[in-house]
Amino acid sequence: MIGGKAVSIPDAVASISEPWQPHDLAVANDAIVRIARLEGEFPWHSHEEDELFFCWQGRFVVELEGSRPVSLQAGELFVVPRGTQHRPVAHDGPAYALMLERPETRQYGND
């Protein structure tokens, strides 16, 4: 994790080759800023805490159980409320998402 210096998000994006493998960029208070390459469909899951998705590049959808999907393009963000079954989906090529999470947030949820 990086602390006390500037972080280049474009450099972080360029270094990511595998989808769905979050990279920690920074820690702020009780949260971690992570970035990941999204491709295809991630498994359905839920968390015991809110999860913020910020679309840095490309386009993706956050599918929500029992609700309409939320489409995100570069510059848009969405918060998935805690306990909500969801999955990010990127079918239009790779997308890159910044996520704001607690350190204990498990990638595949608490299921």
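Let me start with R87. Leaving aside its neighbours within four places in sequence, R87 is in contact with E41, F42, P43, W44, V61, V62 and E63. Keep in mind that this is a predicted model.

Where does R87 lie? In strand β7. Buried or exposed? R87 counts as buried, because its relative accessibility is 15% and the cut-off for buried is under 20%. Two of its contacts are polar ones between side chains. R87 meets E63 at 2.7 Å. R87 also meets E41, at 3.2 Å.

Next, strand β4, where E63 sits on the uncovered face. R59 and V61 are on that uncovered face too. The covered face carries F60, V62 and L64. Side chains in a regular strand alternate between the two faces of the sheet.

Which strands does β4 pair with? One is β5, antiparallel, over 4 bridges. R59 has Q73 of β5 as its bridge partner. These two strands make a hairpin, with 5 residues between them. Look at G66 in the turn: its phi is positive, about 80 degrees. The other pairing I want to show is with β7. That one is antiparallel as well, again over 4 bridges. There, V61 stands opposite V89.

Now the covered side. V62 has a long contact list. Neighbours within four places in sequence aside, V62 touches F53, P69, V70, L72, F78, V80, H86, R87 and P88. So R87 turns up again, this time from the V62 end. That brings me to the cores.

A second, separate core has 8 residues, among them A12, I35, Y96 and L98. The largest nonpolar core has 17 residues. Which residues have the most contacts inside this largest core? They are L38, F53, F60, V62, L72 and F78. Six strands each supply at least two residues of this core: β2 (31–41), β3 (51–57), β4 (59–64), β5 (70–73), β6 (77–80) and β7 (86–101). The largest share comes from β7, with 4 residues.

On to the rings. How many aromatic pairs does the structure hold? It holds 2. A pair of aromatic rings is described by the distance of the centres and the angle of the planes.

Take W20 and F42. Their ring centres are 5.0 Å apart and their planes stand at 45 degrees, so this pair is tilted. W20 is in the loop between α1 (9–15) and β1 (23–28), while F42 is in the loop between β2 and β3. The pair therefore ties together parts 22 residues apart in sequence. W20 counts as buried, at 13% relative accessibility. F42 counts as buried at 5%. F42 is also one of the residues in contact with R87.

The other pair is F53 with F60. Here the geometry is edge-to-face, with 6.2 Å from centre to centre and 65 degrees between the planes. Both F53 and F60 are buried.

Last topic: charges. A search of the whole structure finds 6 salt bridges. I will show three.

Begin with R34 and D24. Their closest N and O atoms are 2.7 Å apart. R34 is in strand β2 and D24 in strand β1, and the two are 10 residues apart. R34 counts as buried, at 10% relative accessibility. D24 counts as partly exposed, at 29%.

R34 has another partner, E101. Their side chains meet in a salt bridge of 2.6 Å, N to O. E101 lies in β7 and R34 in β2, so this bridge ties together parts 67 residues apart in sequence. E101 is buried, with a relative accessible area of 8%. Put together, D24, R34 and E101 are linked in a network of salt bridges.

The third is D50 with R82. The closest N and O atoms are 3.6 Å apart. D50 sits in the loop between β2 and β3, and R82 in the loop between β6 and β7. They are 32 residues apart. Buried or exposed? Neither: D50 counts as partly exposed at 36% relative accessibility, and R82 counts as partly exposed at 49%.

To recap, R87 in β7 makes polar contacts with E41 and E63. The largest nonpolar core takes its largest share, 4 residues, from β7. And E101, also in β7, bridges to R34 in β2. That is where I will stop.

Key: Residues are numbered from 1 along each chain as its sequence is written. This is a predicted model: local features need pLDDT of at least 70, side-chain atom pairs count only at pLDDT 80 or more; totals for chains, interfaces and linings use all residues. Side-chain values use heavy atoms; hydrogens and water are left out. A nonpolar core is a set of buried Ala, Val, Leu, Ile, Met, Phe, Trp, Tyr and Cys residues joined through side-chain atoms within 4.5 Å. Buried means under 20% relative accessible area, exposed over 50%, partly exposed in between (1.4 Å probe, protein chains only). Contact means heavy atoms within 4.5 Å. A polar contact is a pair of N or O atoms within 3.5 Å; within protein, one must be able to donate a hydrogen and the other to accept it, and residues adjacent in sequence count only if both atoms are side-chain atoms. Rings of Phe, Tyr and Trp (its six-membered ring) pair if their centres lie within 6.5 Å; planes under 30 degrees apart count as stacked, over 60 as edge-to-face and the rest as tilted. Two strands pair if DSSP finds at least two bridges between them. A salt bridge is a side-chain nitrogen of Lys or Arg within 4 Å of a carboxyl oxygen of Asp or Glu.
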